[in-house]
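Notebook open, coffee poured. Today I want to look up charged side-chain pairs and then some strand pairing.

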Amino acid sequence: MAIEKVKEYFRGFGMEERIMEFSQSSATVELAAKAAGCEPERIAKTLSFLVDGRTVLVVMAGDARVDNKKFKDYFHTKAKMLSPDEVETRTGHAVGGVCPFGIPADVQVFLDISLKRFKTVFPACGSASSAIELTPGELEKYAGSREWIDVCRGWQPETPFVPETPSESETPSVPEMPSVPEAPSVPEPSKKYLSRMPGGFFIYEADGDEKITYVNENVLKLFRCRDMEAFQALTGGSFRGMVHPGDLERVESEIMAQIASDTYDYVEYRICCQDGTVLWVEDYGRLVEEENGKYYFYVFLVDATEKIRLRKLVNRRDHLQRVLTTLANDVDFDIHCKDCTIDVYGCFEQRFGRPPRKKDFIPFMCENCEKKGEVKLFVHSYPMEEQSFDKEEQDVVMVDGEGNNLWTRCQIAHFKGKDGGFDRKIGRMLDTHEQTMREIYYRQGAEKDCLTGIYNRRSGERLIKRRLKSMEQTTSCMMIMLDVDGFKMLNDTYGHPFGDNILLQVACALQSTFRKNDICARIGGDEFMVFLEDVRDKGVCLKRLQQLVTYTLQDESVEQYNVTLSAGVSYQTGSKLSYEEMYRRADEALYEAKRAGKRSFRVYSENDA
């Protein structure tokens, strides 16, 4: 980032800590003054010009404006401002954070004398939310300024001429009064014609206070003013008073940049009407030199509020579509059958690792397209900046009109604001219900034992390891290993359907005996495992286990044959024992229960309480 370059630059002088970074924007003079807590005129704004192929930065006071005549007299060329893209390319700083620090060596810096009247000033530091307070002398030193120049106007009030009072002995002579240049006049027939125009028309002085010399009735209507007196009170009788304060600096810079190479200019800006309404207008101006030697702007003004609203809406929707296409990694195409052309939109090359080809879309074309001859392919890739937003995907359940739960996958782009939070989120909802239900079905099939419906060995092991990893050191847990007494004999005697029914009854008994969040798994054959987390009373758990192993499982098809269980237990507080070690201890305890006569359980001796 540019501000990092500026920090590095000032670090060399031991001044990095003097750089101020704001939570709000300081991209304009008004915003910078508010952020820095100073007067707007003390903001040292930096404008970028192209002079004889060289990049020139002129640093001036916040209330100063470049005087075209003074600029030309000093630099011997018209003032031609750089475009925003050129500014960043040539200076390394983006518009809003341009400053004379940390810039390429070939960039020349000049300071305007409008800054000398202040004890300290505030230039930017490479970003639209930063500044540093410097004295004019420090600014001259650290900016590497070539010299102080005088190329601005508007910051110094004009001193009226006061003639000397003659002494009594002198005979006052009556000097010849100089001719006062008159503003350009508009003939009455022209005024009548201008009043019938669909838009507004006005004339204002190009220099000085930009005083308005003529407005037609449509300008008054546009500003919702009853008469010229109301318009004068609203705007102060100047062009600067017509423009919304938030747009003024940008508008004057754009006009200056355009008339540097031509006499015509076009700008868009907001105006504040007398009733408080804010409108957007299009300003078509031409710079004209009148016979009196003064320059005036002749301007046509058109209400563009609806046009700009629709354009912003289209741009917003276009950005929305680009973001959604990027989120889904989609490729869209538009086949024009009549002229046999194909337009491809999206990140085709990013998705497929190669540019699109005509033959990729031939299968979707009709016979009429193919008969036309050569197919024309136009690719519209979206150069979405990958770091401009944070991407997130999440599956959510939406309820339809009939109360059914439907799975939806939401893809969301989070756009960060200047304050570090999110100020915009763009998302799309994909219909993934059938796909998600299939995934759940297959996932459950892979996790669950197909006979009993409880977890299989692999899933049980994975879940228990996860519980042990996240368990706190003050939490107690218990692992129980169980198997059916004499199961092989039962299978051999009564058949596999009988044995399957016994295993299913055991699984149901485990689920009804222990809690819902306890993990029950069949780990193979007639062996089962239960893991209990957050065991607050070990005695209660062992009592339930005693009831389980002595409970008689029955199968009515085999003359009320009784089936019993044996179990082994390992117990610990904390997670010092691994899954493997708890498993080994529970298995050894189970073996002890079998040796003791079955239909019982044993707790591994080292952990027995």
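**Salt bridges, then strands**

I started inside one helix: Glu 254 and Arg 250 both sit in helix α10 (residues 245-259), four residues apart, which is about one turn of the helix. Their side chains meet in a salt bridge, 3.3 Å from N to O. Note to self: this is a predicted model.

I checked how open that pair is. Glu 254 comes out at 29% relative accessibility, so I log Glu 254 as partly exposed. Arg 250 has 32%, so Arg 250 goes down as partly exposed too. The class in question runs from 20% to 50%.

Next I asked for the total. The count comes to 35 salt bridges. I only followed up a few.

**Entry: Glu 21 and Lys 7**

I looked up Glu 21 and found a salt bridge to Lys 7, with the closest N and O atoms 2.7 Å apart. Glu 21 belongs to strand β1 (residues 19-21) and Lys 7 to helix α1 (residues 2-11), so this pair ties together parts that are 14 residues apart in sequence. Is Lys 7 buried or exposed? I get a relative accessible area of 14% for Lys 7. Buried means under 20%, so Lys 7 is buried.

**Entry: Arg 65 and Glu 210**

Here I found a salt bridge between Arg 65 and Glu 210, the closest N and O atoms being 3.2 Å apart. Arg 65 is in strand β4 (residues 65-66), while Glu 210 is in the loop between β10 (200-205) and β11 (212-215), so the pair ties together parts that are 145 residues apart in sequence. I checked burial for both: Arg 65 is buried, and Glu 210 is buried as well.

Which residues are linked with Arg 65 and Glu 210 in a network of salt bridges? I noted Arg 240 and Glu 252. Reminder for the margin: side chains of opposite charge can pair when their charged atoms come close.

**Entry: strand β14**

Having met β10 beside that loop, I went on to its pairing. β10 and strand β14 (residues 295-303) run antiparallel and are joined by six bridges. I picked out one contact: Glu 205 has Tyr 296 in β14 as its bridge partner.

Then I turned to strand β13 (residues 278-289), which pairs with β14 over nine bridges, again in the antiparallel sense. Tyr 296 turns up here too, since I find Val 288 standing opposite Tyr 296 in β14. β13 and β14 make a hairpin with five residues between them. In the turn I flagged Gly 293, which has a positive phi of about 85°.

How values were computed. Residues numbered from 1 in each chain as written. Predicted model: local features only at pLDDT ≥ 70, side-chain atom pairs only at ≥ 80, totals over all residues. Heavy atoms only, no water. Salt bridge = Lys/Arg side-chain N within 4 Å of Asp/Glu carboxyl O. Helix = DSSP H or I, 4+ residues; strand = E, 2+ residues; numbered from the N terminus. Buried < 20%, exposed > 50% of the residue type's maximum accessible area, 1.4 Å probe, protein only. Pairing = 2+ DSSP bridges.
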